[in-house]
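Biologist: I would like to learn how to read helices and salt bridges in a model. Can we work through one case together?
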Amino acid sequence: MKKSEVLTAVLVQDRLIRLNLRLLEGLLSEIKGDVEESKILADACLDDKEKQVYEKALLMIEENLLLKISEVLDHIYDLYEIFNFDITFLASLPEEIEREIERLDALNSINTKLELILSVIDELLLFEGESEKLKTILTPFRVYREVVEHSISFNKKLWELTFQSS
């Protein structure tokens, strides 16, 4: 790789990491707000049986989804820390930076973690089948699923475009 290609790879990887961090931070914040809002909706709209199912869904959100997003955020922050250290340390050696970018494989690492979040959301969305009201209350999670899915696609496409043009 030429120096300009290495620099492009560094800049793309840096942006991908940061964009995914911001996405997941926003997702975490939105989901916490939606949990509070959905509690109010559940109290107002659901019968006792539906509330029991909703409480199971809520438990899954709080124990699985929020935890998984936090774990993925921690992983990406660690990855970003390593990435920044390596870039700083190896700044004068483009061939070493290239090897380090390949070794870190941030894109695949992030996308693999995003896939884990998708699987938790998919599991949560199984509760939609219980009633139309539950489906309505869980609507934001279908939106979040799409956002995460688009993020995975965006990451791949941007990475591919970067290296097709090289």
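Biologist: On which residue is the kink in H2 centred?

Modeller: Keep in mind that this is a predicted model. A kink shows up as an angle between the axes fitted on either side of a residue. In H2 the kink is centred on isoleucine 61. The angle is about 35 degrees.

Biologist: How many residues does H2 have, and what does H2 reach from its first C-alpha to its last?

Modeller: Set the span beside the expected one. H2 covers residues 48-89, which is 42 residues. The helix reaches 60 Å from its first C-alpha to its last. At 1.5 Å a residue, 62 Å is expected, and the span is close to that.

Biologist: Which side chain reaches a backbone nitrogen at the start of H2?

Modeller: Look at the residue ahead of the helix. Aspartate 47 places a side-chain oxygen within 3.1 Å of the backbone nitrogen of lysine 49.

Biologist: Now the charges. How many salt bridges are there?

Modeller: The cut-off is 4 Å between a side-chain nitrogen of Lys or Arg and a carboxyl oxygen of Asp or Glu. The count comes to ten.

Biologist: Where in the chain do arginine 18 and aspartate 14 lie, and how far apart in sequence?

Modeller: Both are in helix H1, residues 3-45. They are four residues apart, so about one helical turn separates them. Their side chains meet in a salt bridge, at 3.5 Å from N to O.

Biologist: Is aspartate 14 buried or exposed?

Modeller: Check the relative accessibility. Aspartate 14 has 9%, so it counts as buried. Arginine 18 has 34% and counts as partly exposed.

Biologist: Which residue meets glutamate 36 in a salt bridge?

Modeller: Lysine 39 does, again at 3.5 Å from N to O. Glutamate 36 and lysine 39 are three residues apart in H1, so the separation is about one helical turn. Glutamate 36 is partly exposed at 45% relative accessibility. Lysine 39 is partly exposed too, with a relative accessible area of 29%.

Biologist: With which residue of H2 does lysine 39 form a salt bridge?

Modeller: With glutamate 62, where the closest N and O atoms are 3.9 Å apart. This pair links distant parts of the chain. Lysine 39 sits in H1 and glutamate 62 in H2, 23 residues apart. Glutamate 62 is partly exposed, at 37% relative accessible area.

Biologist: Which residues are joined into one network by salt bridges that share partners?

Modeller: Follow the shared partners. Asp14, Arg15 and Arg18 form one such network.

Key
Residues are numbered from 1 along each chain as its sequence is written. This is a predicted model: local features need pLDDT of at least 70, side-chain atom pairs count only at pLDDT 80 or more; totals for chains, interfaces and linings use all residues. Side-chain values use heavy atoms; hydrogens and water are left out. Helices (H or I, at least four residues) and strands (E, at least two) are DSSP runs, numbered from the N terminus. The expected span of a helix is 1.5 Å times one less than its number of residues. The bend at a residue is the angle between axes fitted to the seven residues ending there and the seven starting there. A polar contact is a pair of N or O atoms within 3.5 Å; within protein, one must be able to donate a hydrogen and the other to accept it, and residues adjacent in sequence count only if both atoms are side-chain atoms. Buried means under 20% relative accessible area, exposed over 50%, partly exposed in between (1.4 Å probe, protein chains only).
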